[in-house]
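Biologist: I should like to learn how a sheet and a single residue are read from a model. May we go through one together?

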Amino acid sequence: MYIYWHLIMEPLLEIVQPRTIIEIGAERGDTTRPLLDFCQRHDATLHSIDPHPLFDWQNEPRLVMHRALSLQALPTIGACDACLIDGDHNYYTVFNELMLIGRNQPFPLTFVHDIGWPYGRRDSYYDPRNIPAEHRHQCVKMGLLPGLSALVPKGGFNANLWNARAENTPKNGVLTAVEDFMKATSLELELVTLPAFYGLGILFPKQLLQNQPFAEFIESLHVSPVMLRYMELAELLRLKQAARQAGEES
Ligand SMILES: C[S@@+](CC[C@H](N)C(=O)[O-])C[C@H]1O[C@@H](n2cnc3c(N)ncnc32)[C@H](O)[C@@H]1O
């Protein structure tokens, strides 16, 4: 998610001035670090949730680390002003993360990674046993190629992860979870999507648009249909090139 930090996330956080931020999925701490610097500058607190953080998270005064699954940790944290979702990329997890986040008002400014290919419309599971069987799609540790619905037996993206065999089916994928949450909630929310680097969703209460700098920044993210198509094409070509490289290396 770090790739969006300077251009998108930091400016929006500067406008919203969150006092409490939740990060779901920290991994090596690449985004945790700038978030902690932000918290240091603004006297804010970061709650980072990851069952297996891969960085030294101790002795960070602004950080409360939750070594747990998001659906276990979120009810223990309470309200936040901003949230980053980049943990387990599947419908069940993301839909329920949003439900838990939405229990506190107002709904926070929320960044959701991986709303584009490959996990916008297809589930992935770090550990399928964490998802109730009735909410889990049939999955296998096989790779993905852009433009191909079927998983590939050799090479491809993320062959080390449990990927759903099917895509574009109901209750499947991160973007589907966000859309279904927006339909399920009575909250007035808006979603802005950016197609590059696996896709970023910016979900926020419409009320935030009354904040002029916030509204202007969001407005600046809107591009014409031609530019949008151009960006989607650039992302597709980037993915195809990366997939070729992954195939050569495997
Ligand atoms: C894609 S990485 C996160 C990358 C990070 N956001 C960044 O910007 O560098 C996903 C992380 O989510 C963690 N994870 C997996 N399932 C999770 C869950 N249910 N709740 C919270 N974190 C989870 C994994 O351990 C992994 O470290």
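Modeller: The discussion below takes the sheet and then one residue. This is a predicted model, in which local features need pLDDT of at least 70 and side-chain atom pairs count only at pLDDT 80 or more, while totals for chains, interfaces and linings use all residues. Residues are numbered from 1 along each chain as its sequence is written, and side-chain values use heavy atoms, with hydrogens and water left out.

Biologist: In what order do the seven strands of the open sheet lie?

Modeller: Strands of a sheet pair through backbone hydrogen bonds, either parallel or antiparallel. Strands here are DSSP runs of E with at least two residues, and helices are runs of H or I with at least four, numbered from the N terminus; two strands pair if DSSP finds at least two bridges between them. The order is β3-β2-β1-β4-β5-β10-β9, with mixed pairing. β3 (63-66) and β9 (189-194) are the edges, each having a single partner strand, so one side of each lacks a neighbour in the sheet.

Biologist: How many bridges join β1 and β2?

Modeller: Strand β1 (residues 20-24) pairs with β2 (residues 45-49) in the parallel sense over five bridges. The partner of I22 in β2 is H47.

Biologist: Is S70 buried or exposed?

Modeller: Buried means under 20% relative accessible area, exposed over 50%, and partly exposed in between (1.4 Å probe, protein chains only). S70, in helix α3 (residues 70-77), has a value of 8% and is therefore buried. Contact means heavy atoms within 4.5 Å; beyond its neighbours within four places in sequence, S70 contacts residues including I24, I49 and T93.
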